[in-house]
Amino acid sequence: MTVRTGEEAFMENILITGGAGFIGSHLAERSLEKGYEVTVIDNFDPFYDPNVKRQNISKASMDPRYQLLEGDIRDEEFIHFVFGRHTPDIVVHLAARAGVRPSIDHPVIYNDVNVRGTAIILEACHKHGVKRFIFGSSSSVYGNAEKVPFSEDDNVDYPVSPYAATKKAGELLCYTYHHLYGMAIHCLRFFTVFGPRQRPEMAIHKFTRMIDRDEELTQYGNGKSSRDYTYIEDIIDGVMASIENVSGYEIINLGESKTTSITELIKKLEALLGKKARVRVLPHQPGDVHTTCADIRKAARILGYAPKFPVDAGLKVFVEWYKDTGQRTFR
């Protein structure tokens, strides 16, 4: 964004950690469209094929206002070099070890990346005078809450996976830095984001591939578990509004505020692909929650947030992207 002071004008610099990932790459493109300079940190972790991430940033990287710096958020020397050299005006911290089920098998690495890494980024903000911070949190913090929809005021002291626990810990660290140093911070709880570039292990992307290839897909549980699937453009609208309005300390849900069961999702994808799914049913997995659904009244009040893409419209765009971009060959 171009800011004017007297006769001078300058572009604010947004630093996006995890900026080559699904949400981060979309945010970088939107930020450039809005007139910001964009600095991205990403370590191209092999959780999934790093070449997918490099493809994600192919458009943004052609813009002279975009700069990619490859490195790990746990590398303190690297992080302080980045902050000193590029002097960000605002930080959007999206870098994280992703995935609920893998966190059960590897809780220590999830804690190291998601908690210690977040502390390192927050401390760099403090040391280098960055006063605005957006934290990418998750609906997973609500655990198996019985009250639906989930409100920001709900008790989130009972996470059911290490991943969820690390996201709650990240929110607590954010509050501490707000309290100690007056940083303006929004913790945005994302609800099952989908759309073009979605991570390949996520249900919508994985189910689409398997149905398209006539491969057997695995359904955990009876198919009644449901998610608040939120289209990427709506999420980016919310993040940009947060960037432009961040003040104080706030936790804010970003969702679509409607639920779709696994059974319904499979039927919708079957219709879009014109193929029947071959489904193998297995027991419910530890760490999975039964339902997610966002109360988005706070987001509407503070950010003017109003989702525009119902799940059917978003799925249609996603499947068209899947067919058009060679995703059928992904392994």
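Which side chain of opposite charge is nearest to Asp234, a buried residue that has no salt bridge? In this predicted model, the nearest such side chain is that of Lys308, at 5.2 Å. The cut-off for a salt bridge is 4 Å between a side-chain nitrogen of Lys or Arg and a carboxyl oxygen of Asp or Glu, so Asp234 remains unpaired although buried. Asp234 is part of helix H8, which spans residues 232-245. With residues up to four places away in sequence set aside, Asp234 touches Tyr305, Pro307, Lys308 and Phe309. Lys308 itself belongs to a network of salt bridges that also links Arg30, Glu233 and Asp237.

Over the whole structure, the search returns 24 salt bridges. One of them joins Asp42 and Lys53, with 3.4 Å between the closest N and O atoms. This pair connects distant parts of the chain, eleven residues apart: Asp42 is in strand S4 (residues 37-42) and Lys53 is in helix H2 (residues 50-56). Asp42 is buried, at a relative accessible area of 4%. Lys53 is also classed as buried, with a relative accessibility of 11%.

A salt bridge is likewise formed by Arg189 and Glu171, with an N to O distance of 2.8 Å. Here too, distant parts of the chain are linked: Arg189 lies in strand S8 (residues 184-190), Glu171 lies in helix H6 (residues 162-181), and the two are 18 residues apart. Arg189 and Glu171 are both buried.

For the salt bridge between Lys147 and Asp154, the closest N and O atoms are 2.9 Å apart. The two partners fall into separate accessibility classes. Lys147 is partly exposed, at 46% relative accessibility, whereas Asp154 is buried, with a relative accessible area of 17%.

In soluble globular proteins, nonpolar side chains tend to be buried together. The largest nonpolar core of the model has 62 residues. Within this core, the residues that touch the most other members are Ile23, Leu27, Phe190, Val239, Ile243 and Leu254. Helix H8 makes the greatest contribution to the core, supplying seven residues. The contacts of Leu254, apart from neighbours within four places in sequence, include Leu188, Arg189, Phe190 and Phe191. Leu254 is also in contact with Thr230, Ile235, Gly238 and Val239, and further with Ala299, Leu303 and Tyr305. Arg189, described above as the salt-bridge partner of Glu171, is therefore among the residues that have heavy atoms within 4.5 Å of Leu254. Tyr305 is in contact with Leu254 and with Asp234. A second core, separate from the largest one, has 26 residues, among them Ile41, Ile121, Phe135 and Cys187.

The cysteines were examined for disulfides. A disulfide requires two cysteine sulfur atoms within 2.5 Å, and by this rule the count is zero. For Cys125, the closest cysteine sulfur is that of Cys174, at 9.2 Å, which is too far for a bond. For Cys187, the closest cysteine sulfur is again in Cys174, at 4.0 Å, and this distance is also too far for a bond. Cys125 is buried, with a relative accessibility of 0%. Cys187, a member of the second core, is likewise buried at 0%.

Definitions and conventions. Residues numbered from 1 in each chain as written. Predicted model: local features only at pLDDT ≥ 70, side-chain atom pairs only at ≥ 80, totals over all residues. Heavy atoms only, no water. Buried < 20%, exposed > 50% of the residue type's maximum accessible area, 1.4 Å probe, protein only. Helix = DSSP H or I, 4+ residues; strand = E, 2+ residues; numbered from the N terminus. Lys, Arg positive; Asp, Glu negative; His and termini not counted. Core = buried A, V, L, I, M, F, W, Y, C linked by side-chain atoms within 4.5 Å.
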